[in-house]
Structures are given as C-alpha cells and as structure tokens.
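Trainee: Please take me through the structure shown below, with the cut-offs stated as we go.

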Amino acid sequence: MKKKHALTVGVILLAATFLAWAIWQGPDSGPPQVQNLRSWQEADAPGGYEVEMEGGRRVPGFDHRLHLLSGIERFRIPLANRFDFPMGSTDGALTYNAQAFWEMNERRGGRHTGDDLNGIGGMNTDLGDPVFSVANGLVIYAGTPSRGWGKTLIVAHRTEDGEILQSMYAHLHSISVAMNTVVQRGERIGRVGGADGVYPAHLHFEMIDANGLSLSPGYLMHRTNRIDPTGTLEARRGPGPPVSIDLILENAERDQAGF
Ligand SMILES: [Zn+2]
C-alpha cells in the first residue's frame, strides 16, 4: 500500500512539473529566423530565399563574417608548400613596408590589420606593378567590398599541416583573376593600385587564419583572425625553387603590354 501511494504522488509531481514548465515556456515563438545556409546561424533555407522576418517576408541581409567555405571550395583549395612575397621579387626585394602589421594608427583609431607594401620609389611609382599570389591557392573573393578597400582579392591556401590560410590583396588597380580560379604561386593576379585614387598606390596585404570569408576594417583593436603577414611568409618559405626571375619579368612585360 505504502509503495503504491508513493508512486501516485510521484506521478502527480511529475505531471505538475511538466505543466509548470509548459506554462513557463509560453506559446511557440515560431521557427528561428534564417540568415544564410552557409553560416553558423540556425539555417534551413538557402541564401537568397525570402523568409518570414519582422515586417514581412524578405531576403535577409548577407553577413560575410558568417560565410563559411563550401565543401567544394574546401576540396579545390590546392596544397601550398611554399609561400613567396606578393610584390617585387620572391623575397620581397624592391619593396618596403610602409605601415607594418598591428602598428597603432591613432588617426584611424585602431591597429593595422596588414602590411602596406610599397615600391621602393615611394608614392605612386608602383601604380600598376604586378601583384603575385603568394602561394598556390583558390580565389575565394574577387570584388570591391567598399570604397576604402577598393578592388580586393582573397586567395585560400592549404598548408602542409592541413590548415587553411588566406592571403588578401587590397586597393588594387585591377584584378586579373575570377572568383573560384585556382592560381599558382607567383602568378600575377592583379596590379598595385590606390583604391581608385583614395590613397597613393600601395598593396594592403593581409594573412588571415579562417575557414570562411572574413573581411574586416583595415584597423582593429582586437587581433581576431589576422596574423602577421610578413612573419607568416618568412616562416613558410618552405621547399621548392623560387619563382624564376624570368616569370616575374614576363609578367611585367605582359603588364606593360596591357594584358
Ligand atoms: Zn593598409
């Protein structure tokens, strides 16, 4: 008898707890709002689809900070067993670093997210000089994210330890490769510019440690996924011969010929 009684009390308590929980939960708040399929956010509709949002159905804004590389993109990123410099010779000769990585810039209110590489002649003397992919890679961004960034490229590289690193080339005068192109180390991918007159010509060059597209302002107070560009290149020179000076000259000639 005693046991049965205890069981009844237990069941009642359980039912009461569940009822309290159900009341506390309130009415169903509806499905989670969808932002983009390839994102960390709760997603169940492809990007570009209209979804129910406050104020009616519309296509949600795209937040590139939450954009991950797709399976196919990751598969196509080639092995990068050697990294060279993006301007001048393979070891960066004929250029200087006008504003180093993580230097504080009081005027811009933050620390510099890349290296500003400039031709040794200074100012606009490097306008139109070739910009090379620092390693074998896949072009995962080619476009103009803002007026300040100007024409910008991001190339993804697979390192020998399986990590994905990205190189970013900004303020370009022109872009010579399309999105999703596989490029080789030393291949000309663009020309040095000044974001269409916003700055004297130079290459803003970043190295990024990320698995998705990650465009940020050029000055930050927190390091996020930006890594020291020149330091990374120097640490990852790796095996293999340097790109021949012939290829660099050939690129320069093609540049002058307007290809
Ligand atoms: Zn810069």
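Mentor: A nonpolar core is a set of buried (under 20% relative accessible area, 1.4 Å probe, protein chains only) Ala, Val, Leu, Ile, Met, Phe, Trp, Tyr and Cys residues joined through side-chain atoms within 4.5 Å. The model is predicted, with local features needing pLDDT of at least 70, side-chain atom pairs counting only at pLDDT 80 or more, and totals for chains, interfaces and linings using all residues. Numbering starts from 1 along each chain as its sequence is written, and side-chain values use heavy atoms, without hydrogens and water.

Trainee: Which residues have the most contacts inside the largest nonpolar core?

Mentor: That core holds 23 residues, and β9 (151-158), β10 (164-172) and β14 each give two or more of them, strands being DSSP E runs of at least two residues, numbered from the N terminus. A second, separate core of 15 residues includes I77, A156, M168 and I208. Within the largest core, the residues with the most contacts are Y169, I189, L203 and F205.

Trainee: With which residues is I189 in contact, leaving aside its neighbours within four places in sequence?

Mentor: Contact means heavy atoms within 4.5 Å. Among the partners of I189 is Y169, which also belongs to the largest core. The full set is V131, F132, S133, L153, V155, Y169, I175, S176, V177 and V183.

Trainee: What spacing do the donors of the zinc ion follow along the chain?

Mentor: The protein donors (N, O and S atoms within 2.8 Å of this metal, water not being among the atoms, so that the site may look incomplete) are H112 (NE2), D116 (OD) and H204 (ND1), at 2.1 to 2.2 Å from the zinc ion. H112 in strand β5 (residues 110-112) and H204 in strand β14 (residues 203-208) link distant parts of the chain, 92 residues apart. Both H112 and H204 are buried. Along the chain, the donors follow the spacing H-x3-D-x87-H.

Note on methods. Donors = N, O, S within 2.8 Å, 3.2 Å for Na, K, Ca; no water. Helix = DSSP H or I, 4+ residues; strand = E, 2+ residues; numbered from the N terminus. Buried < 20%, exposed > 50% of the residue type's maximum accessible area, 1.4 Å probe, protein only.
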